[in-house]
Amino acid sequence: MPDAASLPFVTVISTGGTIARHSDNPCDTVDYAEIGHDLGGGHLLSALPDVVRARFRVREIAFSQKDSSHMDMSQWAVLAQCIRDLLRDSPDMAGVVVTHGTTTLEEAAFFLDLVLDGERPVVLVGAQRPASAISADGPANLHAALLVAASAQARGKGVLVVSDNEIHAASSVTKASTYRLDTFRSPDFGPLGVIEGDVVCFARQSVARRHIDGDVLARLRHGVPRVDICYSYSGGDGAAIAAFHAAGARGIVVASMLPGMCAPAENAQIDAVCAQGVAIVMSSQGSSGATLARHDLRQRGIMAAGRLRPRQARIMLALCLALDLSVVRIQELFDIP
């Protein structure tokens, strides 16, 4: 039996979500979110076999017990500061695991990746089935996340998402399926690595990381700049864009028709609000490929989201606006592959 002090030290922060939900019906993998109940963070580790828990020195912190659809940037900012403080105060800690609901897990991971810049890994993990379900995936996912957080190979790779024995970069991962276990995918470049048995294997490096000045967390305490997403479609009249502007949006991300096109009336409304100082970012509804800064967009003063999907682009634009960054600097961040 190894000495406890020699075991890899990992902090597990629980925030709620499917991984910590329970239903009285073991066949329920659909209605548990509304009719089930939360188990609390402590149950997550107790669900792992003793032989697994004996491999790590784990500290548990209960951050929240919320469905991830109730999480937002103000709460992720508090979570980011909590992670910063833990890493600063525990130099012997190998890494951090955050359990999170999968609905907004990709947004949480991207937010944290933008504002955290340390070497030690921060790993987000969730589940597609509640803890009470037949063949619940939460325990296996959590074990894999602990392995990655404790791995020296994971250092310097930014915030990671671990699911279904795959390791994804926060900047490229998306939830692609409603109920399948292999829901998290990185459409353009694939996962960074895999977990096979209890071996962590990274096959490639992540693409260049974006980083937002950490001072943004203090700015967000005074409020998050309003940035909305407008879904473009054939025949769209731009009414949603006008409504977002009227509601006080400082920025609007357009989820355009591929590869970055909008209906004529939408374009007219985009130009109108852009002329009034609203920051516009053109992204696309596609799961892969980049929205490029074409000549037309540059001429109209519209930024292009690059490879970021609409929800990611919204987060980055809000943080950039909180720091009053210039359009040129914001576009530079979007251009990072």
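Helix α1 (residues 32–35) is the top contributor to the lining of the largest pocket, giving 3 residues. Keep in mind that this is a predicted model. In total, 18 residues line that pocket, and T18, Y32, A33, D67 and T103 sit nearest its centre.

The second largest pocket has a lining of 13 residues, with S284, Q285, R309, P310 and R311 nearest the centre. Here the elements that put in two or more residues are β9 (174–175), β13 (227–231) and α11 (310–322).

Here's how the two pockets look side by side:

| Pocket | Volume | Nonpolar lining | Polar lining | Charged lining |
|---|---|---|---|---|
| Largest pocket | about 240 Å³ | 5 residues | 9 residues | 4 residues |
| Second largest pocket | about 190 Å³ | 4 residues | 5 residues | 4 residues |

Now for the rings. How many aromatic pairs turn up in a search of the whole structure? Just 1. W76 and F111 make up the pair, and it's a tilted one, with 6.2 Å from centre to centre and 45° between the planes. The two partners come from distant parts of the chain, 35 residues apart: W76 belongs to helix α4 (residues 73–89) and F111 to helix α5 (residues 105–115).

Are these two rings' residues buried or exposed? W76 counts as buried because its relative accessible area is 2%, under the 20% cut-off. F111 is buried too, at 0% relative accessibility.

One more ring is worth a look: F202 has the charged end of K157 sitting over it, 4.6 Å from the ring centre.

Technical notes. Residues numbered from 1 in each chain as written. Predicted model: local features only at pLDDT ≥ 70, side-chain atom pairs only at ≥ 80, totals over all residues. Heavy atoms only, no water. 1 Å grid on protein atoms, 1.4 Å probe; cavity = no way out; pocket = protein on both sides within 12 Å on 5 of 7 lines; lining within 4 Å. Points joined across faces, edges and corners; volume = space filled by probe spheres on them. Helix = DSSP H or I, 4+ residues; strand = E, 2+ residues; numbered from the N terminus. Nonpolar A, V, L, I, M, F, W, Y, C, P; charged D, E, K, R; others polar. Phe/Tyr/Trp six-rings, centres within 6.5 Å; stacked < 30°, edge-to-face > 60°. Buried < 20%, exposed > 50% of the residue type's maximum accessible area, 1.4 Å probe, protein only. Lys NZ or Arg CZ within 6 Å of the ring centre and 35° of its normal.
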